[in-house]
Amino acid sequence: MVRRFIVLLALAVLASIGAALRLPALAQRRACAPSLILAAVPTQYDLSAKDLLISDACSGLSRGEINELVLKLEKHNPTADPALSPLLNGEWEVVKASPLTPGILGLQAVKHFPGSFVTADDLTIRIQSESPRVRAHTNIKVGFADVEVAMVTDLEAKSAVRLSESFDAAAIGDFSLPLRTLRTFSRDIIISYLDEDLLIARDPLGTPEILRRKVLQLSSSL
């Protein structure tokens, strides 16, 4: 049963990747839409914008509230040339992700399975200096079995703030999904805020992805 589930999940991941790669085509139309009025952050939160984004309270905020906090931080990015900075390297916990975030695709596929038979842990992203630089992974519990879902991508700096991310491979348990031959599996991301604790990147749609640091620096063996 677990093996059959892995095959079905692999197909779902590939389908969700294809759907996600079509989303940037909507960006131009979205850019022409009227700007939304961002909701005010609730007054009961007595925290700075950064502290609020990296706290557990972030999960209870609306999209508008998160966007407002992100805009406040992006005006005061402390890291020059963030796309080139070694501060990118390390282990990150995904606080908020966009539909285009590598690894979130597997979680989206899991949500299509009903009941409590399938559950997923939080998504973790590891970035290192050596290529391929990124590994996004999570553990999925299928009945009594634990299955790891992993996505490997590479990063190439295109400017001081822009990175090109290309999909390299994916694995669900021992089932490998080679993606490196599919050159269309890539996206550009803008690093709009980076410090020792927090990373904010905007995907091709402009949606902010928020990562909270777990480990500062990874060894070359990871």
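In the predicted model, Val-152 lies in strand S5, which spans residues 145-157. Beyond residues up to four places away in sequence, Val-152 is in contact with Pro-132, Val-134 and Arg-135, and also with Phe-167, Asp-168 and Ala-169. The C-alpha atom of Val-152 is 8.6 Å from that of His-137, a residue 15 positions away along the chain.

Strand S5 is also among the elements that contribute two or more residues to the largest nonpolar core. This core comprises 27 residues, and the most contacts inside it are made by Ile-125, Leu-163, Ile-191, Leu-194 and Leu-199. Besides S5, the elements giving two or more residues to the core are strands S1 (90-96), S3 (124-127), S4 (134-142), S6 (162-172), S8 (186-194) and S9. A further core of 13 residues lies apart from the largest one and includes Leu-53, Leu-69, Tyr-193 and Leu-198. In soluble globular proteins, nonpolar side chains tend to be buried together.

Confidence varies along the chain. The average pLDDT is 74, and 63% of the residues score at least 70. The highest mean, 95, belongs to strand S9 (residues 198-202), whereas the lowest, 41, belongs to helix H2 (residues 27-31). Across residues 19-46 the pLDDT is below 50, and the model shows 37 contacts for this stretch beyond near neighbours in sequence. Residues 218-222 also stay under 50, with 9 contacts beyond four places in sequence. Predicted coordinates should not be read in detail where pLDDT is low.

Note on methods. Residues numbered from 1 in each chain as written. Predicted model: local features only at pLDDT ≥ 70, side-chain atom pairs only at ≥ 80, totals over all residues. Heavy atoms only, no water. pLDDT = per-residue confidence, 0-100. Helix = DSSP H or I, 4+ residues; strand = E, 2+ residues; numbered from the N terminus. Contact = heavy atoms within 4.5 Å. Core = buried A, V, L, I, M, F, W, Y, C linked by side-chain atoms within 4.5 Å. Buried < 20%, exposed > 50% of the residue type's maximum accessible area, 1.4 Å probe, protein only.
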